[in-house]
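I opened this notebook to record what I looked up in the model, entry by entry. I begin with a pair of helices and then move on to single residues.

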Amino acid sequence: PQGIGSPSVYHAVIVIFLEFFAWGLLTAPTLVVLHETFPKHTFLMNGLIQGVKGLLSFLSAPLIGALSDVWGRKSFLLLTVFFTCAPIPLMKISPWWYFAVISVSGVFAVTFSVVFAYVADITQEHERSMAYGLVSATFAASLVTSPAIGAYLGRVYGDSLVVVLATAIALLDICFILVAVPESLPEKMRPASWGAPISWEQADPFASLKKVGQDSIVLLICITVFLSYLPEAGQYSSFFLYLRQIMGFSSESVAAFIAVLGILSIIAQTIVLSLLMRSIGNKNTILLGLGFQILQLAWYGFGSEPWMMWAAGAVAAMSSITFPAVSALVSRTADADQQGVVQGMITGIRGLCNGLGPALYGFIFYIFHVELNELPMPESPSGGSVVTQYHLQQNSIIPGPPFLFGACSVLLALLVALFIPEHTNLNVRSSNWKKHCGSHGHPHSPQAPGEAKEPLLQDTNV
């Protein structure tokens with residue numbers, strides 16, 4: 001196959017790192033451009049933009065995954081990376097087009113789905129967990145470093161240089177796929193022509209969700225995931241804007257916050273999670289993670305000082321153990337032939353939340369009139385922010401209403417999770433699912449209904 005060497009996990013790792021490093025550089029400039037473009041309804045527009053992108057990703061991911069099973073991974077890696085990074089140069093050309101293209105690019109913002117399929121093609125089952133972990137760790141590492149670099153370059157040289165650098169890295173990623181990445185799907189797995197039919201069942205984004213009600217335990221797990229991840233998805237879309245515009249964080253402070261939170265989350269999901277799973281058990285670890293998430297969101301909601309945000313961020317790192325613990329519960333209690341069914345449901349629900357969460361948060365910000373009175377002033381030459389007047393109509397009681405709503409949602413998730421048995425066998429009728437998976441023609445290809453930051457759970461214990 002064309003490319004450098006044989007297909008390997010390292011090809012996938014480089015593709016992911018370059019794409020998200022380019023976007024990470026734009027963290028601080030995007031927040032400024034977003035408010036300059038939509039000064040009156042910043043949070044509402046941010047929620048709508050991210051919500052449309054998330055919903056389009058959820059709807060298109062199964063179809064793109066099915067097509068990549070027929071036509072190969074390399075062409076779809078190229079397609080997804082190109083369209084995901086296409087909005088970058090538009091930031092300084094036309095902000096309106098920049099945000100419009102971001103929304104539409106959600107149709108192709110499923111690089112993770114194709115990358116995980118690429119990894120599955122070239123790894124054995126016992127190797128796949130470690131390979132997925134490496135891809136996810138690379139994603140985290142790119143976001144730990146790039147926002148700080150982008151903020152520093154923007155302060156010293158201006159945001160235009162940051163946009164040019166991000167565009168160059170995105171082009172480098174595209175060139176790397178064209179030149180260096182070999183095709184992972186064996187030629188014998190692909191038909192001679194590109195006219196192979198794709199059934200609607202393969203492309204149906206709601207296929208996994210339709211099976212949710214077939215088992216009471218599965219239903220409890222899925223409700224828990226939905227109620228806990230909906231506020232988390234909304235928080236991801238708006239929290240850095242909230243820190244920058246409402247709490248008065250500088251670009252450097254936002255970048256430092258991302259880096260510290262990322263490092264603490266990695267520690268929590270490895271060392272702390274392992275200790276908790278051995279000491280208090282799987283279900284209690286889930287309940288503990290949900291408890292930390294409630295505390296974190298309530299702290300964000302009532303916090304009115306920067307130090308409160310930092311303290312709540314440390315709690316947020318501990319709340320990141322919830323989803324890996326849910327993954328472990330599913331992998332330990334489901335039968336071997338049921339793993340893909342249940343995990344597909346959970347991934348589909350998370351993909352749906354990626355679309356609903358940002359729009360919901362933006363709408364709540366809009367209802368409570370959480371807006372600014374004026375634009376932040378330029379930073380002083382010494383690097384500190386010039387004092388800016390902020391206007392919050394609700395600042396005396398609830399500075400961050402959506403976060404408080406999220407805490408209530410996670411509290412409901414905690415109550416539902418109490419009824420999940422510690423040890424049980426999940427029983428989901430999967431004959432249609434097996435037929436659905438078999439029609440792809442490739443048993444090692446995990447299909448993710450939505451773009452997710454975590455790897456597919458197919459072979460993951462934690």
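Entry 1, a helix pair. I looked first at H1 and H9, whose crossing is left-handed, a term I use when the near helix is turned anticlockwise from the far one by less than a right angle, right-handed being clockwise. The axes of H1 and helix H9 (residues 159-179) come within 8 Å and cross at roughly 165°; I took axes as lines fitted to C-alpha atoms, for helices over the stretch in contact, with angles from 0 to 180 degrees between N-to-C directions. H1 and H9 are therefore roughly antiparallel to each other, given that angles under 35 degrees count as roughly parallel, over 145 as roughly antiparallel, 65 to 115 as roughly perpendicular and the rest as oblique.

I then listed who meets whom, counting contact as heavy atoms within 4.5 Å. From H1, residues including His11, Leu18 and Leu25 meet H9 residues, among them Val162, Ile169 and Phe176. By class, the residues of this contact of H1 with H9 divide into 14 nonpolar, one polar and two charged, where Ala, Val, Leu, Ile, Met, Phe, Trp, Tyr, Cys and Pro count as nonpolar, Asp, Glu, Lys and Arg as charged, and the others, Gly among them, as polar.

Entry 2, conventions. I noted that this is a predicted model, in which local features need pLDDT of at least 70 and side-chain atom pairs count only at pLDDT 80 or more, while totals for chains, interfaces and linings use all residues. Residues are numbered from 1 along each chain as its sequence is written, and side-chain values use heavy atoms, with hydrogens and water left out.

Entry 3, the chain. I found 18 helices and zero strands, helices (H or I, at least four residues) and strands (E, at least two) being DSSP runs numbered from the N terminus. Buried residues make up 56% of the 462 residues in the chain, buried meaning under 20% relative accessible area, exposed over 50% and partly exposed in between (1.4 Å probe, protein chains only). Among contacts between residues at least 6 apart in sequence, 85% join residues at least 24 apart.

Entry 4, a second partner. Helix H1 (residues 9-25) also packs with helix H7 (residues 111-122), at an angle of about 165° and with the axes 9 Å apart. That makes H1 roughly antiparallel to H7, and H1 passes H7 in a left-handed crossing. The contact of H1 with H7 has nine nonpolar, two polar and one charged residues.

Entry 5, His11. Is His11 in H1 buried or exposed? At 10% relative accessibility, His11 counts as buried. Its side chain makes a polar contact with the side chain of Ser8 (3.0 Å), that is, a pair of N or O atoms within 3.5 Å, of which, within protein, one must be able to donate a hydrogen and the other to accept it, with residues adjacent in sequence counted only if both atoms are side-chain atoms. Leaving aside neighbours within four places in sequence, I found His11 in contact with residues including Tyr118, Phe176 and Pro182.

Entry 6, Thr322 and Ser251. Thr322 is in helix H15 (residues 322-333) and, at 7% relative accessibility, counts as buried. The backbone oxygen of Ser319 lies 3.1 Å from a polar atom of the side chain of Thr322. Not counting residues up to four places away in sequence, Thr322 touches Ile286, Gly289 and Leu290. Ser251, in helix H12 (residues 251-279), counts as buried at 11% relative accessibility. Ser251 and Gly154 are 97 residues apart in sequence and 8.9 Å apart in space, C-alpha to C-alpha.
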